[in-house]
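Q: I've got this one open on my screen. Can you walk me through it, starting with the sheet?
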Amino acid sequence: MNFMPSLRRHLVLLATPLLMLLVVLPAHAEVEFQKVTSPSGVEAWLVEDYSVPIIAIRFAFEGGSAQDPAGKEGLANLITALFDEGAGDLDSEAFQIKLDDAGAEMGFGADRETIYGSMRMLADQREEAFGLLKLAIEQPRFDQNPIDRMRAQLVSGIVASAQNPATTAQRLWNEALFGTHPYARSTDGTVETLNSITADDLRAFHTAVFARENLHVGIVGAIDAETAAAVLDQLFGALPEKPTLTPVPDTAPLLGQDLHVEYALPQTNIYMAYPGVSRSEPDFFAAYLMNEILGGGSVLSRLTDEVREKRGLTYNISTSLINQRHSNSLMLGTATRADRAEETLGVIEDVIAKMAAEGPTEAELASVKKYVIGSYALNELSSSSAIASTLVGLQLRGLGIDYLSERTDLINAVTVDDVKAVAAKLLETKPTIMLLGPKVEPAAAPATTP
Amino acid sequence: MSTGAWAQDAETGPDIANFTLENGLEVVVIPDHRAPIVTHMVWYKVGSADEPPGKSGIAHFLEHLMFKGTERHPAGEMERAIAEIGGEGNAFTTNDVTAYFQTVSPDALPAMMDFEADRMRGLVLSEEVIGAERDVVLEERRMRVEGSPQALLTEETSATLYQNHPYRIPTIGWMHEIEQLNRTDALDFYHRYYAPNNAVLVIAGDVDADTVRALAETTYAKVPRGPDLPARIRPSEPEHNTSRTVTLKDPRVGIPSFATGWVVPNYRTAEPGEAEALDLLAEILGGGTRSRFYQQIVVKDGIATAAGANYDGGAYDPSSFTLYGLPQGDHTLADVEAEVSAQLELLIKDGVTTAELESAKMRFVRSLIFARDRQSSMANIYGSRLANGSTIADITEWPDRIRAVTPEQVQAVAAKYLNPALSVTGYLLPSENGAK
């Protein structure tokens with residue numbers, strides 16, 4: 001039963017220190033990013049740390065499910081289920097037994113833009129583990145038996161969720177926003193498209209995407225730079241230099257639509273889409289802070305205060321600034337009881353209109369800056385795997401190894417006027433709104449409020 | 001960066017400190033200097049299974065209300081202070097415990113300890129915060145339970161599996177009882193259970209034990225001890241003499257599934273070695289891709305999409321061992337259920353091999369080492385086990401106890417506890433007519 005922390009809007013600065021202390025705390029640990037280049041030129045970012053005897057590696061190849069050929073949707077997703085199902089001269093069972101004996105956990109996944117892989121191992125079994133990872137990356141087998149088994153599991157997942165209104169809602173939402181762009185297509189595929197995928201399709205995808213030029217690597221744990229460099233060549237040295245990716249056009253979500261989907265559910269779900277801001281635009285950080293104040297991850301959110309805390313209309317309401325490689329948007333999501341959905345939508349629209357017209361207060365902006373600067377370490381550096389993921393994420397976004405320190409300066413430079421300008425630019429646009437829920441009966445007095 | 005200054009054995013883990021304040025608060029410190037982060041958690045030894053009859057959901061509702069402020073720190077001040085230093089805070093309630101936690105940079109730890117100590121006895125609840133927060137909880141129930149056929153079935157299956165023990169009651173509460181919860185209920189529960197002598201403080205992260213001890217003296221140590229609580233004895237299960245089924249048909253369900261459960265002992269209540277054997281039994285039967293279910297039913301026979309086993313050995317009272325599965329392609333749910341039963345019967349009859357037991361032990365112990373990579377996982381393991389009556393030694397000796405399990409013990413617990421004639425099975429089925 002996780003609890004979404006609450007928040008009061010009044011920005012009272014604390015008048016007195018929280019606690020007088022005579023104790024001096026020790027200096028903080030530092031997380032240091034190093035750049036490592038292998039003898040043959042493969043690059044990675046490394047965080048060396050010996051306090052837990054494990055090593056985590058994560059890597060990403062640009063080119064995810066947006067690369068699925070038309071009619072073969074679900075290919076990227078299927079291929080990621082097959083890397084631990086046999087490689088080199090090891091069939092599926094032999095590979096998994098060796099992996100288990102090596103004390104390692106291997107994972108692969110896909111999103112629209114990326115195929116990523118990761119491995120977590122005990123440091124003293126590093127050589128066996130990396131040996132298996134090398135095989136998986138270079139020589140996956142794509143035997144028919146595991147293909148059929150993994151396909152059956154994915155098909156089962158599609159059938160299992162086919163009747164779920166959330167699935168329908170997601171499909172309608174993507175189609176409404178992205179029309180015929182690859183972003184409108186399902187990353188999972190359909191029963192038909194999955195059934196059409198052959199071992200040759202998988203091999204072609206592997207050859208096209210697994211190359212050194214579109215590769216990003218992060219390594220964290222009990223391993224030094226020299227050893228890490230050697231591992232990079234071992235894992236990736238034999239891959240081709242260049243991928244052969246299909247270009248994906250940039251797009252913007254189609255706004256201004258009103259969609260209603262009727263379904264007998266205990267709550268009405270409300271989805272809204274506004275324009276977004278790309279990472280390369282000068283007002284990106286202003287938009288980022290505006291989103292946090294409006295409905296972001298911190299408790300300093302106006303929407304949480306107005307919709308949840310003051311009125312008890314929802315358990316959870318949030319907005320997110322979505323940055324995909326080819327499209328940007330600002331999305332809102334919440335759910336409330338059906339007979340109060342219109343009221344909830346009204347409150348949301350009032351909060352958004354006020355932000356568009358007036359922007360944030362000085363105090364709100366100051367608070368949220370502290371929050372987003374401080375929370376970075378908590379969210380991005382909480383485990384070896386999280387750090388490895390952060391290292392790869394920064395590289396995928398084209399950011400430098402000094403980003404951690406630059407980010408603070410970029411955030412601190414944002415002014416109230418910057419946020420106000422970006423709020424007006426984004427939020428004065430008519431959004432696309434989708435309501436998913438039961439037919440609304442004539443309003444009755446709320447039964448549960450005394 | 002720590003480079004082995006407090007080098008540790010791969011298995012025993014970090015150098016953990018454990019002490020108790022004069023007011024009865026047990027404190028655990030788990031050093032982890034990899035990043036400038038500290039996790040601060042207070043675990044109260046009270047959960048939904050301790051609720052008075054008719055007041056289901058009060059433990060969880062109080063958890064929400066704990067954010068409504070004290071005399072020294074009005075509502076919102078704590079969350080604002082956490083957010084302003086970039087921290088995260090949250091709380092959760094289970095059958096057995098209620099925990100509050102923050103993840104912050106180490107220099108904010110004193111403030112977190114001050115806030116948490118302050119609301120341990122100092123909660124102020126005005127009548128006006130009750131209604132809106134109860135509506136939030138009702139929306140939470142609609143979202144988590146009413147909105148999910150799987151959650152609805154799980155709730156009903158638990159209510160059938162436990163005939164007398166309060167684990168039959170959902171932690172969030174029954175809808176009609178949540179609607180009636182009030183301020184008096186919340187305060188009664190709070191005054192009874194929220195006190196240092198009914199709590200465990202866990203601090204994991206970039207801090208040392210001496211610092212924590214000094215900080216605890218200026219914060220938690222000043223909270224007065226509460227009344228001694230009587231022994232925590234809940235209504236217990238009678239002998240189970242039947243097999244029962246619970247069926248939910250829902251238009252949102254696309255593929256049928258089943259889950260069969262038994263009430264079994266746990267680490268606190270089992271005979272020595274039995275809980276460890278049950279953990280390894282779950283691993284061998286259905287703990288992942290090396291398990292018997294996966295290898296036989298999913299890979300070799302191709303009958304199931306998934307089939308697995310779960311054991312919850314960490315609860316305070318005897319909890320459940322569960323087997324589950326769902327069919328692949330044109331195979332029926334009955335086929336999967338029959339295969340799962342056949343695998344269980346085979347194991348009861350012939351036992352397990354030394355090789356598969358050793359492999360299961362290795363995976364289990366490895367997962368304990370991997371858990372050390374996430375500070376919050378470590379805090380969760382120590383907090384939940386200690387709040388449920390275990391000692392530090394129970395946790396540090398866990399790998400050795402797992403290694404000591406014999407094939408005979410695994411076979412014995414399967415035969416003793418997993419009698420198919422005395423189980424409860426929940427079926428989640430599509431509606432005959434598909435979507436309504």
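A: Sure. This is a predicted model. Chain A has an open sheet of six strands, ordered β1-β2-β6-β3-β5-β4, with mixed pairing.

Q: Which strands stand at the edges, and why is one side of each left without a neighbour?
A: β1 (34–37) and β4 (104–110) of chain A. Each has a single partner strand, so one side has no neighbour in the sheet.

Q: How much are neighbouring strands turned against each other?
A: By 20° on average, ignoring direction.

Q: And how many bridges join β2 to β6 in chain A?
A: Four. β2 covers residues 43–48 and β6 covers 215–221, and the two run parallel. Glu48(A) sits opposite Gly221(A) in β6(A).

Q: New topic. Which residues have the most contacts inside the largest nonpolar core?
A: Leu133(A), Phe236(A), Leu281(B) and Phe321(B). That core has 103 residues.

Q: Which helix gives the largest share?
A: Helix α9 of chain B, residues 274–286, with eight residues.

Q: What does Leu281(B) touch?
A: Leaving out residues up to four places away in sequence, its contacts are Phe321(B), Leu347(B), Val410(B), Val413(B), Ala414(B) and Leu418(B). There is also a second, separate core of 58 residues, with Ile270(A), Val277(A), Ile293(A) and Ala377(A) among them.

Q: What about confidence for chain B?
A: The average pLDDT is 93, and 96% of its residues score at least 70. Residues 1–10 of chain B fall below 50, although that stretch has 23 contacts beyond near neighbours in sequence. Where pLDDT is low, don't read the predicted coordinates in detail.

Q: What ipTM and pTM does the complex get?
A: An ipTM of 0.87 and a pTM of 0.90.

Technical notes:
Residues numbered from 1 in each chain as written. Chains lettered and ligands numbered in written order. Predicted model: local features only at pLDDT ≥ 70, side-chain atom pairs only at ≥ 80, totals over all residues. Heavy atoms only, no water. pLDDT = per-residue confidence, 0-100. Contact = heavy atoms within 4.5 Å. Core = buried A, V, L, I, M, F, W, Y, C linked by side-chain atoms within 4.5 Å. Buried < 20%, exposed > 50% of the residue type's maximum accessible area, 1.4 Å probe, protein only. Pairing = 2+ DSSP bridges. Axes fitted to C-alpha atoms, helices over the stretch in contact; angles between N-to-C directions.
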